[in-house]
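Trainee: Got a minute to look at this one with me? I'd like to start with a side chain and work outwards.

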Amino acid sequence: MLWRYHVGMVFPRALRVVQAVESNSQAIKAAQQPAASHVRDSGGLVALLTNQLQVNATSANAMQVPSFVNALKTYTHTISAFPLREYRYDAPVSIRSFLQSPSRVLPYSAVMTRTLSDLLMYDRAYWLVTNRTWDGFPSEIKVMRVADVTDTPAYYGGSVQDQSEPPADPFYYEGRQVPTSDVIKFYGSGEGGWLSVGATAINTAAALEAATILYSETPIPTVALKNSGPDLPAHQIDLLLDAWEEARANRGTAYLSNAIDAQVMGFSARDVQLVEGKNLAATQIARFCNLDPIWVGAGVPGSSLTYSSRVDLYRQLLDTALRPVMNLVEQRLSMPDITPQGHIIKYDTTSFLRANPLDVADLITKLLPTGVITEEEAKLILDLPTLGVYSMSRE
């Protein structure tokens, strides 16, 4: 009997990506890392990507899962597009330049995207104040990524800091101590961050991504050639198998003699059900990210969720998902170490919820004759330039 596997089975190799989760978690606790993620760093999937596809992967396994990246972008990219507004006792005031351009190096959207990414994934984020105004308020900051921050671990001779508490001395950034008084810490919801609460869903999705890679390289089940005749010498077996593999690479139809029989073993594409599994994994990620599956590209069988307009879709996203995260940032920026007493900071979501231009124009034509709004207010609603001001500025 003659056996030789010319492809590997998909799942045994892919499942190695999700093994030893408990041992990794214990190793993290033993090292006393501050609130480390329960999702393994790099590890099997990134190594698989690097070794087999020559991809220079430098992010964690979670960032290799498309549905997770989509969920993260839905939050960070959308919120970072909202400008900040400043109010004094509920009356709008001129916003400080710090809130429009907090960093000398990064633009506003880049600062907010990095801050929100850490806040969502690790349940905390950090800014380092690098410059202050004459009255002591921050005028310039640097985003400190959580991966580069060491919040008083035992490694430096201190006690492990509870991540729900303010930073304690000494505080280290990129291995050097920085003044704790210059550290602005953003606090999450207290649940531990997506990489902790969503570890099971993320690891499952990562394993399916690894299985997809393996299956794309070996898209057919394992094949064995069975010899019903007399046993062949080893060199003739190698010649036979080489001829079989070369012929299969050149043409799909095979001819077998009475003594040789081809047997298929293992999983077929239908048996593996990678498409269904990846869709379910994406749905699970959307659930723990508090998003409708539509935002991560997943479909729910039997679902007939519809929206009457784009505004309804955006309103649902803003109210159920974005608003709680935005409140965390708004309220932290409104605290007295950043903003003067009596001032509060809020996101401006007007453009995000702007209705269809035709609907807005119809509303204005009904309100303008009644005197409810003026022409200047109508131009502001339509986001049209004030021609008089424009002409004066040119002169």
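Mentor: Sure. The side chain of Thr115 makes a polar contact with the side chain of Trp127, at 2.8 Å. A polar contact here is a pair of N or O atoms within 3.5 Å; within protein, one must be able to donate a hydrogen and the other to accept it, and residues adjacent in sequence count only if both atoms are side-chain atoms.

Trainee: Anything I should know about the model itself?

Mentor: It's a predicted model: local features need pLDDT of at least 70, side-chain atom pairs count only at pLDDT 80 or more, and totals for chains, interfaces and linings use all residues. Residues are numbered from 1 along each chain as its sequence is written, and side-chain values use heavy atoms, with hydrogens and water left out.

Trainee: OK, which helix is Thr115 found in?

Mentor: Thr115 sits in helix H6, residues 108-122. Helices (H or I, at least four residues) and strands (E, at least two) are DSSP runs, numbered from the N terminus.

Trainee: And is Thr115 buried or exposed?

Mentor: Thr115 has 1% relative accessibility, so it counts as buried. Buried means under 20% relative accessible area, exposed over 50%, and partly exposed in between (1.4 Å probe, protein chains only).

Trainee: Which backbone oxygen does the Thr115 side chain reach?

Mentor: That of Val111, at 2.8 Å.

Trainee: Switching topic: what about strand E8?

Mentor: E8 covers residues 183-187, and 4 of its 5 residues are buried, so the rest of the structure largely encloses it. Strand E3 (residues 124-132) runs antiparallel to E8, joined by 5 bridges. For strands to pair, DSSP must find at least two bridges between them. Arg124 stands opposite Tyr187 in E8.

Trainee: How many aromatic pairs are there?

Mentor: The count comes to 8. Rings of Phe, Tyr and Trp (its six-membered ring) pair if their centres lie within 6.5 Å; planes under 30 degrees apart count as stacked, over 60 as edge-to-face and the rest as tilted. Take Phe82 and Tyr347: their centres are 6.4 Å apart and their planes at 65 degrees, so that pair is edge-to-face.

Trainee: Where do those two sit in the chain?

Mentor: Phe82 is in the loop between H4 and strand E1 (84-88), while Tyr347 is in strand E11 (residues 343-347), so to speak distant parts of the chain, 265 residues apart. Phe82 is buried at 2% relative accessible area, and Tyr347 is buried at 7%.
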